[in-house]
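Thanks for coming. I will walk through one model today, starting with how far to trust it and then going element by element.

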Amino acid sequence: MLKQLLLLFFIFPSFCFAQVLITGKIINADDKKPVANASVFLNNAIVGDKTADDGTFTLRNVKPGQYTFIVTAVGFETHSITLMAGTANIALPEISLAPKTIMLQEVNIKPDPNRQRNYDDFKRLFLGTSANAAQCKILNPDVVDVDFDSKKMVLSASSRDDFIEVENKALGYLIKYKLTAFSYDAKHMFYYEGVSVFQELKGSKGQQRKWQKNRMVAYLGSSMHFLRSVISGQTDKDGFEVLRLVRKPNPNYKEGRMGANNYKYNQSLYTKPALTPADFSHPTDQPGLFAIGFTDCLYVIFKNKRVETDLSVYHPIEVPNYPVTILAFDELYAFFDHNGIITNPHSVIFEGDWGASRVAEMLPVDYEPEKANGK
């Protein structure tokens, strides 16, 4: 199971509009001096910069849409705002960063004898275990703080004020990911969140073609692809079938007991009629934001791929070997934007295909499959 936070934001197709610049200046809120070398970026997009010695920055090639604009610097609180980019360049007002208040106290640092084992577990969960993950490398493992609470049986991690740098040679990206929360517990509930910026790796024309192909493979059938299809009303055309899954607690279930009949739920899948986007989603009163919700679980099948059956997710015999994801809602609605990104990820649990997708399959907010196809 995976509760996954990917803070990606609404964007229009780039071929419809000119790309714009965002400029500004970062200063220290206390002494009003410029803050140099601060990271300035649009979250989860291929748009970022470092401030110059005079605190100024320029973000280039910004495509129209709604973004979270983020500034981070060592020793300062993170600054973030939501902004809307249109067709005109944006000159932001001067931004003041508040210095962090540091409480000095004596600290006894002891080597953690389990550091390597805990880090290996973190890396496996963070990057995943897919073929893409095998081509990913964390370039600066020392920035990861990882801990295992043996009493609560929870693995936790963060990256302090630094960014974890992940080189993804499968998709052709360098991902700088500032990890603010990460947990994995004894019930196999996994959650992580943070902010990130993408950079495209340099490669030969052959490598570029391979990366474009791999990006398309990662996109097809993903949650991003599905939610964009929901907005356009083309789930069926894009290869998705959505069914109703009814769950009821199994009164005979015993946690921790192994056995073929020891299931947490008694489940019934209704294969007819298939659901349409109108059955589980609708626009909200906030432009660019949509709601998805359902009384029961949504059972999403992507019929344009064949995979080995995932035995960890409910997969009745009448469903062929397609990727399957179950959406179980913890809140009345999950909200998502035009990019196909859920903005309140605590509201829904992904089980199955999307739940297994990790950083190795991450695509930036400004990924466009049309461009990957050469259209």
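A definition to begin: pLDDT is the predictor's confidence in each residue, on a scale from 0 to 100. The protein averages a pLDDT of 87, and 89% of the residues score at least 70. This is a predicted model, in which local features need pLDDT of at least 70 and side-chain atom pairs count only at pLDDT 80 or more, while totals for chains, interfaces and linings use all residues. Residues are numbered from 1 along each chain as its sequence is written, and side-chain values use heavy atoms, with hydrogens and water left out.

Where is the mean pLDDT lowest, and where is it highest, among the elements? Strand 1 (residues 2-4) has the lowest, 39, and strand 10 the highest, 98. Over residues 1-17 the pLDDT is below 50, yet this stretch has 77 contacts in the model beyond near neighbours in sequence; a contact means heavy atoms within 4.5 Å. Residues 371-375 also have pLDDT below 50, with five contacts beyond near neighbours in sequence. Where pLDDT is low, the predicted coordinates should not be read in detail.

Now the overall picture. There are six helices and 23 strands. Helices (H or I, at least four residues) and strands (E, at least two) are DSSP runs, numbered from the N terminus. Of the 375 residues, 47% are buried. Buried means under 20% relative accessible area, exposed over 50%, and partly exposed in between, with a 1.4 Å probe and protein chains only. The accessible surface comes to about 20000 Å², and carbon and sulfur atoms account for 51% of that; the areas come from the Shrake-Rupley method with a 1.4 Å probe. Among contacts between residues at least 6 apart in sequence, 62% join residues at least 24 apart.

Next, the sheets. Two strands pair if DSSP finds at least two bridges between them. Strands of a sheet pair through backbone hydrogen bonds, either parallel or antiparallel.

One open sheet has four strands in the order 4-3-6-7, with antiparallel pairing. Strand 4 (48-50) and strand 7 (79-85) are at its edges with a single partner strand each, so one side of each has no neighbour in the sheet. Neighbouring strands here are turned by 15 degrees against each other on average, direction ignored. For angles, axes are lines fitted to C-alpha atoms, for helices over the stretch in contact, and angles run from 0 to 180 degrees between N-to-C directions. Inside this sheet, four bridges link strand 3 (residues 39-42) with strand 6 (residues 65-72), and V40 has V71 of strand 6 as its bridge partner.

A second open sheet has three strands in the order 18-19-22, and its pairing is antiparallel. Its edges are strand 18 (281-283) and strand 22 (334-337), each with a single partner strand, so one side of each is left without a neighbour in the sheet. The average turn between neighbouring strands of this sheet is 30 degrees, direction ignored. Strand 19 (residues 289-292) is joined to strand 22 by four bridges, and F290 has F336 of strand 22 as its bridge partner. Helix 3 packs on this sheet, touching strands 18, 19 and 22, and its direction makes about 85 degrees with that of strand 22.

Why call helix 3 largely enclosed by the rest of the structure? Because seven of its ten residues are buried: M224, H225, F226, L227, R228, S229 and V230. Take H225, in helix 3 (residues 223-232). H225 has a relative accessible area of 7%. Leaving out residues up to four places away in sequence, H225 touches Y219, L220, D238, F240 and F302. Just after helix 3, G233 takes a positive phi of about 75 degrees.

Strand 23 (residues 348-352) is also largely enclosed, because five of its five residues are buried. Five bridges join strand 23 to strand 21 (residues 324-329) in the antiparallel sense, with F329 opposite V348.

One loop residue to mention is V144, between strand 10 (136-138) and strand 11 (145-149). V144 is buried at 1% relative accessible area. Its C-alpha atom is 7.2 Å from that of I164, 20 residues away along the chain. Beyond residues up to four places away, V144 touches R115, Y119, F122, A157, S158, R160 and I164.

Last, cysteines. A disulfide is a pair of cysteine sulfur atoms within 2.5 Å, and by this rule the count is zero. C136 is buried at 12% relative accessible area, and C297 is buried at 9%.
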